[in-house]
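Visitor: I should like to be guided through this structure, step by step. May we begin with the charged side chains?

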Amino acid sequence: MRAWFACSGAELLARDPADTVRRLASAQQARGFSGTPDQEMAWQAQLRALQAAVAACGGAAWTVALEFDLLRLEKRIDAVLLTDRAILCLEFKTAAPTNAALAEAEDYALDLRDFHAGSRDHAIVPVLVAGTGGWAPPVQPWLLPKHPTDPLVCGAEALAGLIRWVQATLPASALPIDGAAWLEAPYRPVPTIVEAATMLYARNGVAEIAAARADAANLTRTARAIARHIEAARAAAARTVIFVTGIPGAGKTLCGLNAVFGPARVDGAAFLTGNAPLVAVLRAALARDAVARGECDRAEAERRTQAALQNVHRFLEDCAIDPARLPPERLIVFDEAQRAWDQAKSLTGTQNKRSRLTMSEPAHTLEIMGRRAGWSVVVALIGNGQEINTGEAGLAEWGRVVAANSRWRAAAAPRALAATDPVQRLAEGTPAWLEIDADLDLVVPMRSVRETAGAAWVNALLDGETAEARRIAEAAPALPYLVTRDLAALRAGLRGFARGQRRAGLVRAAGARRLRAEGLGAEVPTKEVPDWFLRRWPDIRASDALETAATEYACQGLELDVVGLAWGGDFVRGRAGWSARGFVGDKWQIAAKDADFIRNTYRVLLTRARYETVIWVPRGSPAEDPFHDRTRSAAEMDAIADYLLACGARPLDAAALPRPAPPAQAGLFAGP
């Protein structure tokens, strides 16, 4: 049971509060948390308020759960009160209410709605019990059935009045809440990649942070398959490449992080990625978490995270300088391995730095990891359909270098052999060096919390399959894609959807150069990407300030709760279908060679959200305008918007938007 203590309303009234506090303190100690006198005093005050409210409302038959654990948030709801009509999530504060406290209370309710099976069919009411003030009903009408409702606020002495109002306002439930069943109902959170990394780093397993749906077995099965192949390589002193394939948002990065940080981790393991923003964000998040948990000081935390999370290009170059150098790792996870550099890219490096590599990155990886005697494992995470740059070797290069080195073998799912593009096929046929393991393929999208059809809809949209996209949308009425032509409406929509502590942000393609003229030209500076993903408003560097947009390079591998996608002129819709373009000088030019990369850029951007994606298609410049800008054709933008709507995206209706909660309810407090 997730609650530290639970009982009926009648038992709560009959119990000595001191005994209940002792039980809570014992549960706290059993979970490894240290208690304080302040905490015990807070529990005593909460119990007094709850007993008075339950007694005044005749709630003897209700259920009370105290300190209900929420793993995804790594927090606990102070109290959950299950009446015959609602689930009340109670957050107690001794001070006056703040916006942060309101968001925290609402986030608890949202977490129950999304991840707790026993809460999904019931009214959920977040309540902030703060200070000693009174209670007044909301000034604006309660929008019912809203799930959860906006947070309600009262003082401790007015809790009974608030509960009576909720009971009188809510209709009788057709499905009564069974307290015992609710307490035992599954709670399976879908964490963000940052949340998952910090929990794994603190030694929680992937099974503990599986998805909220019945398809959680897909993620767990793949994690177990990776562990199985690692153990087989270790037992046989063998060298193995484990290819993990899957659709966007299916949990590949999570499985890779689990191999490095999870409970079955081995000494000498590192997560390598060429995605510099992902490295920067995860390093910052893990270091902050380690310091907050008191594990070590900041300098030591940063040293540890730098060893565990590395830039793959720097790892390969450092080891390639000295052919006699043994890598400290026996297990590496190569993130987005299909994006490893081919030999030509390895020889030229980047615009800012010339590379020391002489072979393709897959070839260097196997040579370096093969230097040590005994076993070595490379877990190669393959993001199908996410190749966004030239010089990427693809899966075929990995197959070539494994086949050329008899000391190495590989394991992969059938998907690795089935790609239509030969560059993304591991091999032709089934070679002797390859073991087929269907468990190494992740086929269920996990990023989207409430709707699994998003990835298929995006594929149909980008492939020009209008009828198929429409069919998917009609079969999934909760498909979370909306369209607006107004930038102000986009920002208002993002703020409305980002309830509680959910994070919103703007994204755009790096090639969408003419968005500058539309009012959204600012990109997130590279050095500020960790601040963009980890800080919160009112810090203007945070994503939810909605001032700067992350490109595909800054956000690939990461995610936001709510995304605002600004569609640019680099990918436009005409009679012949999609056209990919690059901006050169003062005009657009067809970019036929880069068409797949640009298409995949929008695939990445369209799959960054855990909840809603609001697509802003600028109105562009009308042809009849005397100052017509031919680089921002209104006709081209209209065609894109019409196509998105034809595929089943919904128009962003301002009247239907969630209403951001007010900072505080007017006339609420009689006390200080």
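Guide: Arg 314 is partly exposed, with a relative accessible area of 32%; the term covers values between buried, under 20%, and exposed, over 50%, for a 1.4 Å probe and protein chains only. This is a predicted model, in which local features need pLDDT of at least 70, side-chain atom pairs count only at pLDDT 80 or more, and totals for chains, interfaces and linings use all residues. Residues are numbered from 1 along each chain as its sequence is written, and side-chain values use heavy atoms, with hydrogens and water left out.

Visitor: With which residue does the side chain of Arg 314 meet in a salt bridge?

Guide: A salt bridge is a side-chain nitrogen of Lys or Arg within 4 Å of a carboxyl oxygen of Asp or Glu. The partner lies three residues away in helix 12 (residues 312–321), so about one helical turn separates the two; helices (H or I, at least four residues) and strands (E, at least two) are DSSP runs, numbered from the N terminus. The partner is buried, with a relative accessible area of 2%. At 3.5 Å, N to O, the residue that meets Arg 314 is Glu 317.

Visitor: Which residue pairs with Arg 298 in a salt bridge?

Guide: Arg 298 counts as partly exposed, at 40% relative accessibility. An α-helix has 3.6 residues a turn, so residues three or four places apart point the same way. The partner of Arg 298 is four residues apart from it in helix 11, about one helical turn, and is itself partly exposed at 34%. With an N to O distance of 3.9 Å, the partner is Glu 302.

Visitor: Which residues of helix 11 are buried, and how are they arranged?

Guide: Helix 11 spans residues 298–308, and its buried residues are Ala 301, Thr 305 and Ala 308. Seen down the helix axis, the directions to their C-beta atoms fall within an arc of 60 degrees, so these residues line one face of helix 11.

Visitor: Is Asp 544, the salt-bridge partner of Arg 536, buried or exposed?

Guide: The closest N and O atoms of Arg 536 and Asp 544 are 2.9 Å apart. Arg 536 counts as partly exposed at 33% relative accessibility. Asp 544 has a relative accessible area of 14%, and is therefore buried.

Visitor: What is the omega of the cis peptide bond that joins Trp 537 and Pro 538?

Guide: Most residues other than glycine have a negative phi, and most peptide bonds are trans. Pro 538 lies in the loop between helix 19 (529–534) and strand 17 (549–550). The bond from Trp 537 to Pro 538 is cis, with an omega of about 20 degrees.

Visitor: Where is Glu 336 found, and what is its phi?

Guide: Glu 336 is placed in the loop between strand 10 (331–334) and helix 13 (343–348). Its relative accessible area is 10%, so Glu 336 is buried. Although Glu 336 is not a glycine, its phi is positive, at about 50 degrees.

Visitor: What share of the residues of the chain counts as buried?

Guide: The secondary structure of the chain comprises 22 helices and 23 strands. Salt bridges come to 39, and one network of them links Glu 11, Arg 15, Asp 19, Arg 22 and Arg 23. Of the 672 residues of the chain, the buried share is 59%.
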